[in-house]
Each structure stands twice: as C-alpha cells, then as structure tokens.
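User: I've got this model open and I'd like to talk through the ligand site and any odd backbone spots. Can you take me through it?

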Amino acid sequence: MATAELAGKHLVLGLTGGVACYKIAELTRLLIKAGATVQVVMTDAATQFITPVTMQALSGRPVYTSQWDARVPNNMAHIDLSREADAIVIAPASTDFIAKLSHGMADDLLSTLCVARDCPLLVVPAMNRQMWQNPATQRNVAQVRADGIDVLGPDSGPQACGETGDGRMLEPEAIYEAIASFFTPKILSGRRVLLTAGPTFEPLDPVRGITNRSSGKMGFALARAAQQAGADVLLIAGPVALDTPWGVYREDVQTAQQMHDAVMRAAADYDIFIGVAAVADWRVDHVAEHKIKKTADRALPSFNFVENPDILASVAKMPFPPYCVGFAAESGDLDVHGEEKRVRKNVPLLIGNLGPLTFGQDDNEVVLFEASGATKLPRADKQALARTLIAEIAKRVPNTSLIK
Ligand code: CTP
C-alpha cells in the first residue's frame, strides 16, 4: 500500500455488533497510514466487542457512540458527521444493521447518520453463514444494493462460531483495497490490461538456474493501479514473493518461453500490454535431467546458450497489437538506450528507469520515451508512480482499441 494514497479523504467508519470488530483496529491503522482521517462511530453492540478507547487511540479522534452526545453543541451529530465525510464505511455490518439500512430505520446514531447522509455508503457484512443465507437477510442485502449502497464481500471460510461458509467479513487489507479502489477515478473503465512482471527463471538442471534481481514490485504496483482505475487486469508473473493485488487475475510462470506463450495466448483480447518483466535474454539449449555433479577431475561445467523470444517485440508485431508499453532497466546512458530500445521494439511508449538500478526498492524515478520526445517524471514510491504511469498510459491509448 502506498503512502498518502488516501490523503485528504475523510471517512466515517461505523462499527456494529460482531466479533469481526477486532479486525477494524487493523483497518483503521491501514486507513490512517494511507493519509485518511477516520471518524469512528460505534453502536452499543459494537462496544461489547472492542472498546471505544482502542478505536480512539488508533483513529486519533474521540469516538461517537450516542445520538445524545453532549460534545456536539447543536445535538446534530447525525448531520454533522455525514456532511464532513467523503464516504461512510460500515464494518462489520451485522445482520440487524443491514436490516435497518434496508428499511431506512434510524434508532441510534449510526443508523441515523446513514439515513441522513449525502455521501456514498459502503457496507462490509459479517455474520454467521445461516444468518447470511437467511432469506430475510438476502432480501435486505438486495434492497440495500438497489438503493445504491456498495456491499463489499462477504468472504467464505471458517467462522468464529466454528462453522464454515459465506458470511465472513473481508480481511482488513481487502477492505482497504476496496476503499482505495472506490476513490480511484475509473480512467481505464472497460479496458483490458495485460502485464508481465518479475524476473524469469531459466533452469540449468533440476536444482539450479539463472534469474535476475527483479522483485516484481513495479509490475504488481501497475497491475493494482490499473485494476483500481477500472480495468480488467491479467498479470503474468515470474517467480516473485508478492501477494496478488486485489481483483487482479494472475498466472504464474517460470521461464521466458512460458511467459511468452502465456502472453501470446492472451494478447489478442487485451487493449493494453505493459511488459514490466525483466525477461532473461538467454536460456541453456539443454537443461540437464539430473543435478549436475562435480566430477573427480573438477572439470568446470559449460553451457550453450540460445536466445529467448522477445515478448514485447512479439506482441508489438501482432497484426492488431494492443497499445504496447515497454520498460527499460539500464545501468547507464538511459537517454540513448531508452529511445533506441523503443524504436527497436516498435512500441509507442517505453518507460526507462533513471539512475541506479532500482530492483527491490520501494521508489523509482523514470523517463517516458515516445516519438515526440522524452519526459522525466518526479521520483516517487512505486505505488504512487504506478498511478501516475497508468494515468499517462490512459491518456495515450487510442480510442479505437475499445472496439476490439
Ligand atoms: N522484454 C521482453 N522479452 C525479452 C526481453 C525484454 O518482453 N526477451 C521486454 C521487457 O519486459 C521490457 C523491455 O522488453 O519491457 C526491455 O527489456 P530490457 O531487458 O531492458 O531489454 P532487452 O531487449 O533485453 O535489451 P538489452 O538486454 O540489450 O538491454
């Protein structure tokens, strides 16, 4: 998650009764870390599960639990709180609270401010699977959705009561991602984005291989930013230790050839292709079937290399290629190599890493190379840079690709 991704956003975070309340401590921390201000409002039942003191300490603001709070001079907390908010998030949302929402009931502070709101409302259900499946709950959820309220989840899996099924609240990270996505302008709505990320691994024998220092962070950050911008995203990833961004489809591969094949199978269906992977240029022509052992005379092994396919160039050569974006990691002379590489690969846009190679680091400084010239972007962390790059790409994608 990026720093200050939610800077300037003010959220009312409403907790209702449910054991999942304990997870809202973590959600609050994530929201605050991302720069949001969070005003917590709790129902009576919620205070049975987590204390207002904990929520106050984490949010840095006094928590509201009652309609009759003497701190609010005009006694209009239900109006004031919702007017200040960019969105209200109810998490966990109990069966009872969803029922109240669907009927427009207003018998405590949280339900009243939901009815009185003039901002979007996001609801994150958490309940036992039978309660979730109950026809009354399903009716109420359908009504709430029909009223324009976003319902996030629920998840499926083991529940606090010992049963397993639908009704679990989404994990705090997933709720955070949904909120961040909610606030992202949908500049890639209706677009399909295919990306490669990470290194490739070219085996020498069953236990050894050649790889490189790409962490995959930039490609994953771009996949996340594209998804949040409303695109349908397929990420083809080499071996990396990163979680799949929320809402992104992911296919894992090892070798350059596998990455090439996966990309070529998918590319015709996509509007945009972003090749972020650090693809190995060479592989050995023959992978040893068994582990290569040291010999008695200590003879050094030797390998014959063959060239791997150039994935980006192959996509760019398609009869109706997606809008192709390349990346270039250079250890020097970026201004020369960047434009030369863009022309050689025949892509409209190539993003060059400026300065020392930034494998594994959290921030990056890049230059955009295109036919009209080169543009340097300010140094930023990879998540913020990813959002900027997605905006730059969205500006350049021809409208015609929409008719694919
Ligand atoms: N690329 C690719 N397939 C390859 C090699 C590179 O798709 N076999 C893509 C990368 O994903 C990146 C761009 O091409 O978008 C540039 O990669 P880079 O490694 O910088 O370029 P190379 O073509 O390998 O050139 P060189 O190693 O000579 O710098």
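Analyst: Happy to. One term before we start: a polar contact here is a pair of N or O atoms within 3.5 Å. Keep in mind that this is a predicted model.

User: Which backbone atoms does the ligand's oxygen chemistry pick out, and at what distance is the one of Leu 312?

Analyst: There are two backbone cases to look at. A polar backbone atom of Phe 327 lies 2.8 Å from an oxygen atom of the ligand. For Leu 312, a polar backbone atom again pairs with a ligand oxygen, and the distance is 2.8 Å.

User: Which residue has a side-chain N or O atom 2.8 Å from an oxygen atom of the ligand?

Analyst: Here we want a side chain rather than the backbone. The 2.8 Å pair joins a ligand oxygen to an N or O atom in the side chain of Asp 281. On its own the ligand would expose 570 Å², and the protein buries 79% of that. So much for the cover; the side chain you asked about belongs to Asp 281.

User: Which element gives the most to the shell around the ligand?

Analyst: The shell holds 16 residues, with Gly 275, Ala 277, Leu 312, Lys 341 and Lys 345 coming nearest. By type they split into 8 nonpolar, 2 polar and 6 charged. Three elements supply at least two residues each: α11 (311-316), α12 (334-345) and β16 (323-329). The top contributor, with 4 residues, is β16.

User: Where does the ligand sit, and what is the volume of that largest pocket?

Analyst: The ligand is in the largest pocket. That pocket is lined by 44 residues, and those closest to its centre are Ala 277, Ala 278, Val 279, Phe 327 and Ala 329. The lining divides into 19 nonpolar, 16 polar and 9 charged residues. The volume of the largest pocket is about 1,100 Å³.

User: Which proline follows a cis peptide bond with omega near -10°?

Analyst: Most peptide bonds are trans. One cis bond joins Gly 153 and Pro 154, but omega there is about 5°, and Pro 154 lies in the loop between β5 (150-151) and β6 (155-158). The other candidate sits in strand β3 (residues 87-93). With omega near -10° after Ala 91, the proline is Pro 92.

User: And where is Arg 298, which has a positive phi?

Analyst: Most residues other than glycine have a negative phi. Arg 298 isn't a glycine, yet its phi is about 55°. Its place is the loop between β14 (282-284) and β15.

Technical notes
Residues are numbered from 1 along each chain as its sequence is written. This is a predicted model: local features need pLDDT of at least 70, side-chain atom pairs count only at pLDDT 80 or more; totals for chains, interfaces and linings use all residues. Side-chain values use heavy atoms; hydrogens and water are left out. A residue is near a molecule or strand if one of its heavy atoms lies within 4 Å of it. A polar contact is a pair of N or O atoms within 3.5 Å; within protein, one must be able to donate a hydrogen and the other to accept it, and residues adjacent in sequence count only if both atoms are side-chain atoms. Accessible areas come from the Shrake-Rupley method with a 1.4 Å probe; for residues, only the protein chains shown count as cover. On a 1 Å grid over the protein atoms alone, a cavity is a set of points where a 1.4 Å probe fits but cannot get out, and a pocket is an open set with protein on both sides within 12 Å along at least five of seven lines; lining residues have an atom within 4 Å of a point. A molecule sits in a cavity or pocket if more than half of its atoms lie within 2 Å of its grid points. Ala, Val, Leu, Ile, Met, Phe, Trp, Tyr, Cys and Pro count as nonpolar, Asp, Glu, Lys and Arg as charged, and the others, Gly among them, as polar. Grid points are joined across faces, edges and corners, and a volume is the space filled by probe spheres set on the points.
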